[in-house]
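Have the sequence and the 3D view open side by side, and let us walk through them together. We will begin with one simple idea about how crowded a residue is, and then visit several places along the chain.

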Amino acid sequence: EPTEDKKILLDFIQKIPHSSAINWRMNSLACSNWTGVTCDHQRSSIIALRLPALSFHGPIPPNTLSRLSNLQILSLRSNGLSGPFPSDFSNLKNLTSLHLQCNNFSGPLPLNLSVWDNLSVLNLSHNGFTGSISPSISSLTHLTVLSLANNSLSGEIPDFRISSLQIIDLSNNLFTGTVPRSLGRFPSSAFLGNNLAPNSGSLSLPALSPQKKPSKLSESAVLGIVIGCSVLVLGLLALLLVVWHLKTEAKNQDLQRTDKNQKGMENLRSRSLGNGNGNGNLVFFEGSNLAFNLEDLFRASAEVLGKGTFGTTYKAALEDSNAVVVKRLKDVYVTKREFEQQMEVVGSIRHENVVPLRAYYYSKDEKLMVYDYFNEGSVSSMLHAKIGNNTKPLDWESRLKIAVGVAKGITHIHTQSGGKLVHGNIKSSNTFLNRHRNGCISEMGLAAVTTPAAVRGGGYQAPETMAAKKIYQASDVYSFGVLLLELLTGKSPANATCGNEVVHLVRWVHSVVQEEWTAEVFDVELLKYPNIEEEMVEMLQIAMQCVGKSPEQRPKMAEVVKLVENIRITGVSSLA
Ligand SMILES: Nc1ncnc2c1ncn2[C@@H]1O[C@H](COP(=O)(O)OP(=O)(O)OP(=O)(O)O)[C@@H](O)[C@H]1O
């Protein structure tokens, strides 16, 4: 046991203000039991310290962490740490990864960076650092990832050539000048949000061939250009007018719709029953013991649960105190017959991991679908509940059960109708907990009758669905992979960083995993459970297979079920 290092950590935790409890005790084994602590093989010193999101605040107490001289990985990301960059960190000469992102540090960056010549990952993003980057950065010859994004850094970006560097992010600072040549190989997004002038190099025109000397343009050519430009401008104006007109129309329609939503189901009533055909079209499926008719449904008080891609979803409280969910579809593109056929297929599916469709209604003006109401809300609301909402974060066990359940539900769907059925809209807001608290998936088959896949989004759609506007079973596998990443990272697919900028979850996880700082990816909520890292890594590997770029790379859903079910078994045995 690294007694000296333990004392240092206890000294640190005593001095740093924090509001989350931490299980460090002198008489317990630090190397096996202390949160965030990893020791070397001999258990003689601490080599990694990962303390994300423990609500540390204030400056790092001097002469504490800096005495862990064998430390290689230090993560204090997502805390409320403030004050200057701790100058005594220069003693941590063995550091390979330093994560101080998402804190409130301020003041200049260290002047002499050469003390950390083993550093591979440096992430100081989302802080309030000022001043410029010291040219000594070029001495970090092992650096692979550098993120200084979202600070207030200024001055010119030094021209540093580090051949090992793979990822750089200097966006959203106050840098001036131009992007140095040595960094020209990185995407422009790495430098966005600064005061940088465009590189003169990138503006250069293609060289003229030597035979054709640059000559003055003839008058007719000038006239031609002028006329051409005017036509272009007029064309653009016309286009703008059309777009403006369409937008206003869409807005009006939206306004009308919102208006109707606010009035609840009463509007539905007047429109749908206009033809006087009563409850004729409300079609119930076998096995549903719901006893209501269209009249009851329209009389029920309705509350808008939300607006999704396919329309508005209401909770309708029926008189017998049962509540159902009514989904009012917009943009149904198929004929009545096709719609009914699809509903018959969907309605016939009965599986404990698929939310059953109880009934549907079709008229010219209205298309409704009726489901059971889940009063706990969706997995999305459980994962991303606002702080102070009184909801407990989902523990690891629950997340595993959600993953297994949804995987089984999708597999069942994929084996129906001769193996041709696709879900088409797998996401956490369509995932609920069944009575055994396993995951179950809703909204099966809606994608086939309404909005084309390309119009949806939210970060779950496989790349091929964007281009081909078609959905395949392999696209469901991709969306399921994104759902797994969401369960692991606790981040919503469209919004995957500590700041406000939108980063695609899959891309973000790829960049993190490539650099082998895997532990940085997991939801900080999960880091408090002991001995689950192997299981999380296993789930991460499955997720990465599912989000393979091309559909052929991805495993079939039936395989995925086995893999996900095995997480517990293999995870446990590898711990034993
Ligand atoms: N059966 C249900 N029980 C409880 N809440 C539900 C039910 N069905 C949907 N919801 C919730 O109602 C809200 C609106 O759902 P809706 O399906 O319209 O939108 P969405 O899931 O965000 O997007 P999409 O239309 O792409 O599925 C969501 O928060 C969803 O979780």
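A residue counts as buried if 20 or more other C-beta atoms lie within 10 Å of its own, as exposed if 12 or fewer do, and as partly exposed in between. Let us try this out on R43, keeping in mind that the model is a predicted one. R43 has 13 other C-beta atoms within 10 Å, so it is partly exposed. You will find R43 in the loop between β1 (37-39) and β2 (46-50). Its backbone deserves a look as well: R43 is not a glycine, and yet its phi is positive, at about 60°.

Now step back to the whole protein chain. How many helices and strands does its secondary structure come to? There are 14 helices and 21 strands. The chain has 576 residues, and 36% of them count as buried. Contacts also link distant parts of the sequence: among those between residues at least 6 apart, 55% join residues at least 24 apart.

P17 lets you see two separated stretches of the chain meet. This residue lies in the loop between α1 (3-15) and α2 (30-33). P17 has 11 other C-beta atoms within 10 Å and is therefore exposed. Leaving aside its neighbours within four places in sequence, P17 is in contact with H57 and G58. Along the chain, P17 and G58 are 41 residues apart, but their C-alpha atoms are separated by 6.9 Å.

Next, turn to the ligand. Which residues come nearest to it? Of the 19 residues around the ligand, those are L305, G306, G308, S378 and S429. Strand β15 (residues 301-307) supplies the largest share of this shell, with 3 residues. By kind, the shell divides into 6 nonpolar, 11 polar and 2 charged residues.

Another spot to find is K327, where an unreviewed UniProt entry places the feature "binding site". K327 sits in strand β17 (residues 323-329). Is K327 buried or exposed? It has 21 other C-beta atoms within 10 Å, so it is buried. Not counting residues up to four places away in sequence, K327 touches F310, G311, T313, L368 and M369.

Follow the chain onward from β17 and you come to D331, in the loop between β17 and α7. Like R43, which is not a glycine but has a positive phi, D331 is not a glycine and has a positive phi, here of about 50°. D331 has 13 C-beta neighbours inside 10 Å, so it counts as partly exposed.

After that loop, look at helix α7 (residues 336-348). At 1.5 Å a residue, its 13 residues should span 18 Å, and its end C-alpha atoms are 18 Å apart, so the two agree. Which residues of α7 are buried? They are M343, V346 and G347. These residues cover an arc of only 95° around the axis, which means that they are on the same side of α7. A general rule helps here: an α-helix has 3.6 residues a turn, so residues three or four places apart point the same way. The buried residues of α7 pack against β18 (357-362).

Past β18, a loop leads to β19 (367-372), and E366 is in that loop. D365 is found in the loop between β18 and β19 too. D365 has 9 C-beta neighbours inside 10 Å and so counts as exposed, whereas E366 has 17 and therefore counts as partly exposed. Both can be paired with residues from earlier in the chain. D365 and K330 are 35 residues apart in sequence and 9.4 Å apart in space, C-alpha to C-alpha. For E366 and V332, the sequence separation is 34 residues and the C-alpha to C-alpha distance is 9.5 Å.

Our last stop is helix α13 (residues 533-546). This helix has 14 residues and reaches 20 Å from its first C-alpha to its last, close to the 20 Å expected at 1.5 Å a residue. The buried residues of α13 are E535, M536, E538, M539, L540, I542, A543 and C546. Try picking them out in the 3D view.

Notes. Residues are numbered from 1 along each chain as its sequence is written. This is a predicted model: local features need pLDDT of at least 70, side-chain atom pairs count only at pLDDT 80 or more; totals for chains, interfaces and linings use all residues. A residue is near a molecule or strand if its C-beta atom, placed from the backbone, lies within 6 Å of it. Helices (H or I, at least four residues) and strands (E, at least two) are DSSP runs, numbered from the N terminus. Ala, Val, Leu, Ile, Met, Phe, Trp, Tyr, Cys and Pro count as nonpolar, Asp, Glu, Lys and Arg as charged, and the others, Gly among them, as polar. Two residues are in contact if their C-beta atoms, placed from the backbone, lie within 7 Å. UniProt positions are given in the numbering used here, feature names are shortened, and annotations may be inferred rather than shown by experiment. The expected span of a helix is 1.5 Å times one less than its number of residues. The arc is that of the directions from the helix axis to the C-beta atoms.
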